[in-house]
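Colleague: Please pick one part of this model and take me through it up close. Then tell me how it fits with the rest.

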Amino acid sequence: TEISTCMADAGDGRPSLNGFGEELDYLRRAGLEAEFFGAVRMAAHGAKSASPQEALRLVSERLAQLADEASDEPTKTLRRRGPAVRTSRSSSENAADRAAEPQHHGPPASDTGGSVWSMVAGRTGWLAFFLCGLLLCERVMHAYESLLHAELELAFFVPLIIGHGGNSGGQAVSTVIRAIGRRKTTGSEAARTVAREAVAGLIQSLLLALLVGPSLHYFLHTSRGVSAVVGLTLPLLGLFANSMGALLPYAIAWAGLDPAVIVGPLMTTLVDTLGLGLYLSCATI
């Protein structure tokens, strides 16, 4: 009979179900597992004097009643099936459904439901560390003080250079962290991702440099030399920023730390400091 395909003796006096997988999981979480098994046991006994369709109808009605007591949402699904719909499912079908569900791997993301003090305690130390790193920008500026004194126009475009590096690297960081959260990544896949992001950063920054460089000179009346320095720095900075933005999430995740908390500030610190040094180094050529 149909009802027998959904039931098997579990050996402990309680039937175990091969079908009704989703409903049983839901009712177990809702604390209604015992009532569900009782309803199925009664339906199984009733099947001796009733048709299989009638037994299935009894089980479906009891499922709908139990679901009504816990939530309205599962009831809609159960009632759509109707009493004549076959509810038995093979174990392979249930396994396929579970395999189709999104899987999350890697270190857990930061708990946004914690208290304010726990968030402060978990982040302040890292921010202090990165703040010390950003102080290196001052040392870079100091090292090129004579150059900036002679070509003051270079200082006007420091925010542009730093901002572009952060924007480009931030795009790579977001893409890689999303990929890490969805599935496990092998070393070869990580290497391909870093290489692909590096090439993308180089190409997109090169296209922007071809637009920005002439615009600075012809529309903003920036000197030809400074316009050329900005145009030369952008592709190199895009290559570096995207490489760091793609590499750091993998490195932080493999170290067992949380990329969502660490990677963004770390990438910003590296790109700001080294990008500024790259910009002023290009100006000395």
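Modeller: Let's start at L207, which sits in helix α12 (helices are DSSP runs of H or I, at least four residues; strands are E runs, at least two; numbering goes from the N terminus). With a relative accessibility of 55%, L207 is exposed (over 50%; buried is under 20%, partly exposed in between, with a 1.4 Å probe and protein chains only). Keep in mind that this is a predicted model, where local features need pLDDT of at least 70, side-chain atom pairs count only at pLDDT 80 or more, and totals for chains, interfaces and linings use all residues. Residues are numbered from 1 along each chain as its sequence is written, and side-chain values use heavy atoms, with hydrogens and water left out.

L207 has company on the surface: together with V199, L202, I203, L206, L210 and L239 it makes a nonpolar patch of about 620 Å². Patch members have over 30% relative accessible area and no salt bridge, with nonpolar side chains (Val, Leu, Ile, Met, Phe, Trp, Tyr) joined within 5 Å and like charges within 9 Å. Areas are Shrake-Rupley values with a 1.4 Å probe, and for residues only the protein chains shown count as cover. Helix α12, residues 187-218, is the main contributor to the patch, giving six residues.

Now follow α12 inward. Over in helix α13 you'll find S243, and S243 is buried at 17% relative accessible area. Leaving out residues up to four places away in sequence, S243 touches V194 and A198 (contact means heavy atoms within 4.5 Å). V194 turns up again in a nonpolar core of seven residues, which also includes V176, A246 and Y250. A core here is a set of buried Ala, Val, Leu, Ile, Met, Phe, Trp, Tyr and Cys residues joined through side-chain atoms within 4.5 Å.

That core is separate from the largest one, which has 31 residues, and in the largest core L154, V230, L276 and Y279 touch the most other members. Helix α12 has a hand in this core too: α8 (136-143), α9 (145-150), α11 (158-182), α12, α13 (224-254) and α14 (259-284) each supply at least two residues. The biggest share, ten residues, is from α14. V230 gives a good view of the packing: beyond its neighbours within four places in sequence, V230 contacts F157, L160, I161, V212, L216 and Y279. For context, nonpolar side chains in soluble globular proteins tend to be buried together.

Helix α14 also holds V261, but V261 is partly exposed, at 21% relative accessible area. The C-alpha of V261 is 8.9 Å from that of G122, even though the two residues are 139 apart along the chain.

What about charges? The salt bridge count is one, taking a side-chain nitrogen of Lys or Arg within 4 Å of a carboxyl oxygen of Asp or Glu. E138 and R139 form that bridge through their side chains, at 3.3 Å from N to O. E138 is partly exposed at 43%, and R139 is partly exposed at 48%.

Stepping back, the protein has 14 helices and two strands. Of its 285 residues, 35% are buried. Among contacts with a separation of 6 or more, 74% join residues 24 or more positions apart. The protein exposes about 16,300 Å², with carbon and sulfur atoms supplying 63% of that area.
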